[in-house]
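Me: I would like to go through the labels attached to this model and ask, for each, what value stands behind the word.

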Amino acid sequence: MRTIALIKRICIQMVRDKRTLALMMIAPLVILTLLHYLLSADTTVPRLGVHGAEEALIEQLKGKEIVVIPYENLKNTEQVIKKDQLDGVLQIEEDKLSLTLTNDEPSTSKVLQSKVMQAISSENAKKQATNLTKVFADIQDKLPNVQVKQLSTPEINTYYIYGNSETTFFDQLSPILVGFFVFFFVFLISGIGLLRERTTGTLERLLATPIQRRDIVFGYLIGYGLFAIIQTLIVVFYAVKVLDILIVGSLWNVVLINLSLALVALLLGILLSAFANSEFQMMQFIPIAIVPQVFFAGILPIEGMVEWMQIIAKFMPMYYGGNALVDVMYKGFGIDSIKNELFILLGFALIFVILNILALKKYRKI
């Protein structure tokens, strides 16, 4: 009977907690829907610039599901690749073949390299068959025992704009993971920390004083922000110095990006804590506010997603933070190349500051 009474009490408590019940039922459906569309998204078709190739080889490349863009002149390969957003350039001069890969996404570059080599091998085999047919037709009656030397497959010299032949997907993934862990733990600590202030009555007593709501928000922001800065520095320096994660650009730019992410996560955690009554309810916000950040941080190609998911990605702070971290740590870009992402992250922070001030109205109107 005692067990039945306990079960009854838990069921009544769960039914009364409409938000917990809704999150338990709806959050998994939201996550599964996002995963479904992410994993079923069309793979991006690689774009290859071609110079000096015969029409037959171009057709072979197109048959490998490659968007081929012919060029008559190629003076600066790297500049053309960046300007036209190519995944690579194939140049053929007499018997010399060179393939320059962007390698901003190592997995895509390896697929493109494999397809190019298959197309060249297929075209070379086709030429061999044609040449052999002509030779045998000419000498069939004259030299029946002659041996014909086969054409050799030309060697391809491969160059990389970012990384090298040893670059793996993790080299691109690791900068995103550094930013995500900073974002996640700062969000968690700030949200639960402020929630504890409310549940212990500290916030209510503070609101009973003449202090203004904006002063409370900035006070908590700076107070928790000091520890968020320390945590961010520890995570970044540990990742770079101890784990030896690849970093091509400036370490201080990496620190700046992660501090911007930490600021946004801190304000987001403070904001959502205003709508939670317990640590359990605070944890329930993670599937809604944090998990989607992983999907749109750059781990999966945004270009291959359906259009409405690409729009959602633009509203995720980790979308901009992940792009900026990859640009600095993997591609070696400077502050000028990531300033737009930094401004957008600061814009997120400003919006969350305003929302935090408005959220405190539920505790005091002025």
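Reply: We can begin with a cut-off: a residue counts as buried when its relative accessible area is under 20%, as exposed when it is over 50%, and as partly exposed in between. Please keep in mind throughout that this is a predicted model.

Me: Why is Tyr 220 called buried or exposed, whichever applies?

Reply: The relative accessibility of Tyr 220 is 10%, and because buried means under 20%, Tyr 220 counts as buried.

Me: Tyr 220 and Tyr 224 are described as a pair; what makes the pair stacked or edge-to-face?

Reply: The ring centres of Tyr 220 and Tyr 224 are 6.1 Å apart, with the planes at 15°. Rings pair if their centres lie within 6.5 Å, and planes under 30 degrees apart count as stacked, so this pair is stacked. Both residues belong to helix α8, where they are four residues apart, about one turn of the helix.

Me: How do you know which kind of pair Tyr 162 and Phe 333 form?

Reply: Their ring centres lie 6.0 Å apart and their planes stand at 70°; because an angle over 60 counts as edge-to-face, that is the name this pair receives. The two residues come from distant parts of the chain, 171 residues apart, with Tyr 162 in the loop between β5 and α6 and Phe 333 in the loop between α13 and α14.

Me: What makes the accessibility labels of Tyr 162 and Phe 333 what they are?

Reply: Tyr 162 has a relative accessible area of 7% and is therefore buried, whereas Phe 333, at 23%, counts as partly exposed, because partly exposed covers the range between 20% and 50%.

Me: Why is Phe 218 called buried, partly exposed or exposed?

Reply: Its relative accessible area is 38%, which lies between the cut-offs of 20% and 50%, so Phe 218 is partly exposed. Phe 218 lies in helix α8, residues 213-242, and is one of the residues of a nonpolar surface patch, which also includes Ile 222, Leu 226 and Phe 227 and has about 720 Å² of accessible area together.

Me: And what makes Glu 72 buried or exposed?

Reply: Glu 72 has a relative accessible area of 71%, and because exposed means over 50%, Glu 72 is exposed. This residue is found in the loop between β2 and α4, and its C-alpha atom is separated by 8.6 Å from that of Val 50, 22 residues apart along the chain.

Notes:
Residues are numbered from 1 along each chain as its sequence is written. This is a predicted model: local features need pLDDT of at least 70, side-chain atom pairs count only at pLDDT 80 or more; totals for chains, interfaces and linings use all residues. Side-chain values use heavy atoms; hydrogens and water are left out. Buried means under 20% relative accessible area, exposed over 50%, partly exposed in between (1.4 Å probe, protein chains only). Patches are made of residues with over 30% relative accessible area and no salt bridge: like charges are joined within 9 Å, nonpolar side chains (Val, Leu, Ile, Met, Phe, Trp, Tyr) within 5 Å. Accessible areas come from the Shrake-Rupley method with a 1.4 Å probe; for residues, only the protein chains shown count as cover. A salt bridge is a side-chain nitrogen of Lys or Arg within 4 Å of a carboxyl oxygen of Asp or Glu.
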